[in-house]
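Please open the model in a viewer and keep a selection tool at hand. The stops below proceed from one selection to the next.

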Amino acid sequence: MIWGVLQFPGSCDERDALHACEVHGDGARLIWHESRDLDGVDGVVVPGGFSYGDYLRAGAIARFSPAMEAVAEAAAGGMPVLGICNGFQVLCEAGLLPGALLRNVELRFRCHQVELVEEGTGERLSIPAKHGEGRYYAPAEMLDQIEANGQVVYRYAEGHNSNGSVRDVAGVTNERGNVLGLMPHPEHAVDPLTGSTDGLRVFERMSRVAA
Amino acid sequence: MLIRPKEGILDPQGKAVERALPALGFEGIGQVHVGRMVELEAEDPERLAELCEKLLANTLIEDYEIQTL
């Protein structure tokens, strides 16, 4: 599987995402935000950072970039799209994922290792999180619906929901399951050197979607 | 355009401001909410609501109000 990693002005995790994609897949390349051509990749990562300075709202401006238009089209055709942190915010703003990300409940930028629980399997993942606007929110009816559809795929383990996300939601997918967004950073957890390789399981999940 | 957090959505920014007020001697102030204001000049004000819906506000979490001056 060949991955493409989007790069916006203000992205800062695209290099780690590129590395994670290389470790996991058969190659990866960066895709500049002004490019409408996804360069024949099999899946896309929308990486973390502060696209367009997070002006207006995090992710609000990035969603109008030519690359995101191409991603929206590809996602509609079933291509795996993984949004991490700012990428999750972009996908929510673009309407590719349900809900929105709000300022952390304690107004602090939090940077720490968190434990996630994968829905269904109950497997725990230890991966880093670092964000100031990661409080997942969706109206109750929408939450009921996405839970019923199995679209909530990761929750913060007990004691790890430091941003105040509603119902401990950490990661959600679209209805079809090929678009996934989460606030913590799987791309920072792909090498034993940094303490955990659990992040690879998120990439593996995405490659199963592609298959 | 005035853009503010939707009613019922936890607004920690407003709460933080509210909590700071008594220390400055401002008593009896509650329900503080922090939003933002966007000023612009438009040739065709008809389309401003669409602009709010598409970009300036996220209507899942924010309400907006347009004032023409």
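Helices (H or I, at least four residues) and strands (E, at least two) are runs in the DSSP assignment, numbered from the N terminus. The model on display is predicted.

**Stop 1: a loop residue in chain B**

Select Ile9(B), which lies in the loop between β1 and α1 (12–20) of chain B. Is Ile9(B) buried, exposed or partly exposed? A residue counts as buried at 20 or more other C-beta atoms within 10 Å, and as exposed at 12 or fewer. Ile9(B) has 16 such atoms within 10 Å, so this residue is partly exposed.

Next, display its surroundings. Leaving aside residues up to four places away in sequence, Ile9(B) touches Tyr137(A) and Ile61(B). Add Glu62(B) to the selection: 53 residues separate Ile9(B) and Glu62(B) in sequence, while their C-alpha atoms are 8.9 Å apart in space.

**Stop 2: the contact between the chains**

Now select the residues at which chains A and B touch. Ten residues of chain A and nine residues of chain B take part in the contact. On the side of chain A that touches chain B, six residues are nonpolar and four are charged, with no polar residue.

**Stop 3: the sheet of chain B**

Colour the strands of chain B. Three strands form an open sheet with antiparallel pairing, in the order β2-β1-β3. Why is one side of β2 and of β3 in chain B left without a neighbour in the sheet? Both strands stand at the edges, each with a single partner strand, so one side of each has no neighbour there.

Select strand β1 (residues 2–5) of chain B together with strand β2 (residues 36–37) of chain B: they run antiparallel and are joined by two bridges. Here Leu2(B) is placed opposite Met37(B) of β2(B). Then replace β2(B) with strand β3 (residues 62–65) of chain B, which pairs with β1(B) in the antiparallel sense over four bridges. Within this pairing, Ile3(B) has Tyr64(B) as its bridge partner.

**Stop 4: strand β1 of chain A**

Move to chain A and select strand β1 (residues 2–7), where five of the six residues are buried and the strand is mostly covered. Extend the selection to strand β2 (residues 27–32) of chain A; six bridges pair it with β1(A) in the parallel sense. Leu6(A) faces Ile31(A) across this pairing. Adding helix α1 (residues 14–24) of chain A completes a right-handed β-α-β unit with β1(A) and β2(A).

β1(A) also pairs with β3(A), in the parallel sense and over three bridges. Gly4(A) stands opposite Val44(A) in that strand.

**Stop 5: an enclosed helix**

Finally, select helix α3 (residues 86–93) of chain A. Eight of its eight residues are buried, so this helix is largely enclosed by the rest of the structure. Among the buried residues are Phe88(A), Val90(A), Leu91(A) and Glu93(A). To see what surrounds α3(A), show β3 (43–46), α2 (66–76), β4 (81–84), β5 (100–102) and β11 (179–182) of chain A, against which its buried residues pack. The tour ends at Gly95(A), which follows α3(A) and has a positive phi, near 80°.

Definitions and conventions:
Residues numbered from 1 in each chain as written. Chains lettered and ligands numbered in written order. Predicted model: local features only at pLDDT ≥ 70, side-chain atom pairs only at ≥ 80, totals over all residues. Contact = placed C-beta atoms within 7 Å. Nonpolar A, V, L, I, M, F, W, Y, C, P; charged D, E, K, R; others polar. Pairing = 2+ DSSP bridges. Right-handed = clockwise from strand over helix to strand, strands pointing away.
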